Amino acid sequence: MRSDDFWNYFDALRISLKLRADTFAAMFQRMDRLDRPVVIVETGCTRTPGNWGGDGNSTVLFDRYAQTHPGSRVFTVDIDARATAACRALVSEHVSIHTGDSVKYLQSLAAGSPGQLDLLYLDSFDLDHGNPVPSAVHHLMELAAIAPALRPDTMVVVDDAFMTLHGVHAAAGQFVAIRPPTIDGKARFVAEYAARIEAELIFSGYQCGWIKMKPQH
């Protein structure tokens with residue numbers, strides 16, 4: 001169900017959200033269509049007030065969505081105690097904050113909530129543009145850990161994704177593509193897994209999102 005209070009709040013922040021504005025909007029629009037309370041699980045919490053363009057302040061956005069959609073809950077985990085302490089000062093009681101390893105936390109959460117997630121948002125590992133592999137591996141491990149809590153219509157979103165072009169430099173400074181762009185960054189291996197199981201990519205950009213990450217058999 002659409003909340004004018006939430007969307008007025010979000011629209012005032014659109015410019016500040018920069019590269020994430022349209023994809024965050026796509027997440028909330030999809031949850032609006034559920035017309036019921038939602039469950040959001042996030043790895044990597046907000047730690048810096050007002051850092052909309054830098055890290056997206058996702059926990060604050062999810063909290064506001066939960067506040068304006070009665071019965072909704074947000075669960076977030078971060079391994080850094082300083083980060084979780086900072087987050088607690090920024091959000092309401094609608095957000096449950098855990099300090100610890102995200103993979104272990106997601107395993108325990110999945111055991112108690114099979115098929116309950118509406119949005120899984122993966123952002124617990126800082127991106128190294130020169131070597132994105134460790135972060136991409138970590139997010140694939142998180143996806144595996146939380147798998148029992150997914151439904152076919154659960155959104156799985158990875159932050160800090162980008163497209164890699166594959167081609168060669170030609171004469172006169174031209175770049176000739178040799179195959180289509182692929183999703184890279186922190187989403188690299190989640191994207192490869194999604195393609196293998198024929199999950200549906202519902203949006204892409206600096207954040208990439210899929211559904212059907214748990215196909216029906």
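Which strands does α6 lie across, and at about what angle does it run to β4? In this predicted model, helix α6 lies across β1 (39–43), β4 and β5, and its direction makes an angle of about 155° with β4. Let's use that helix as a way into the sheet, then come back to its helical neighbour.

The sheet is an open one with 7 strands, and if you walk across it you meet them in the order β3-β2-β1-β4-β5-β9-β8. The pairing along that walk is mixed. At the edges sit β3 (95–99) and β8 (200–203), each of which has a pairing partner on one side only. From one strand to the next, the twist averages 20°. As general background, strands in a sheet pair through backbone hydrogen bonds, in either a parallel or an antiparallel sense.

Start at the β3 edge. Strand β2 (residues 73–78) pairs with β3 in the parallel sense, over 5 bridges, and if you pick out T76, you'll find that its bridge partner in β3 is I97. Now look from T76 towards the other neighbour: E42 is the residue that stands opposite T76 there. That puts us on β1, which runs parallel to β2 and is joined to it by 5 bridges. So T76 is a handy landmark for following the pairing, since β2 has T76 facing I97 in β3 and E42 facing T76 from the other strand.

How enclosed is β1? Of its 5 residues, 4 are buried, so β1 is largely enclosed by the rest of the structure. Remember that β1 is also one of the strands α6 lies across.

Moving along, we get to β5 (residues 155–158), where the side chains split neatly: M155 and V157 point one way, V156 and V158 point the other way, and all of them are buried. On one flank, strand β4 (residues 119–122) pairs with β5 in the parallel sense over 4 bridges, with L122 standing opposite V158. With strand β9 (residues 208–211), the pairing is antiparallel and has 3 bridges. There, V156 has W210 as its bridge partner.

Now back to the helices. The axes of α5 (residues 102–112) and α6 (residues 133–146) come within 7 Å of each other and cross at roughly 15°. Because angles under 35 degrees count as roughly parallel, α5 is roughly parallel to α6. The crossing itself is right-handed. On the α5 side, the contact is made by S102, V103, L106, Q107, L109 and A110, and they meet H138, M141, E142, A145 and I146 of α6. Sorted by class, that contact has 7 nonpolar, 3 polar and 1 charged residues.

Finally, a couple of backbone details to check on your torsion plot. Most residues other than glycine have a negative phi. D160 has a positive phi, near 55°, without being a glycine. You'll find D160 in the loop between β5 and β6 (161–169), and D160 is buried, with a relative accessible area of 10%. K212 also isn't a glycine, and its phi is positive at about 60°. K212 lies in the segment after β9. Is K212 buried, exposed or partly exposed? With a relative accessible area of 40%, K212 is partly exposed.

Notes: Residues are numbered from 1 along each chain as its sequence is written. This is a predicted model: local features need pLDDT of at least 70, side-chain atom pairs count only at pLDDT 80 or more; totals for chains, interfaces and linings use all residues. Side-chain values use heavy atoms; hydrogens and water are left out. Axes are lines fitted to C-alpha atoms, for helices over the stretch in contact, and angles run from 0 to 180 degrees between N-to-C directions. Helices (H or I, at least four residues) and strands (E, at least two) are DSSP runs, numbered from the N terminus. Angles under 35 degrees count as roughly parallel, over 145 as roughly antiparallel, 65 to 115 as roughly perpendicular and the rest as oblique. A crossing is left-handed if the near helix is turned anticlockwise from the far one by less than a right angle, and right-handed if clockwise. Contact means heavy atoms within 4.5 Å. Ala, Val, Leu, Ile, Met, Phe, Trp, Tyr, Cys and Pro count as nonpolar, Asp, Glu, Lys and Arg as charged, and the others, Gly among them, as polar. Buried means under 20% relative accessible area, exposed over 50%, partly exposed in between (1.4 Å probe, protein chains only). Two strands pair if DSSP finds at least two bridges between them.
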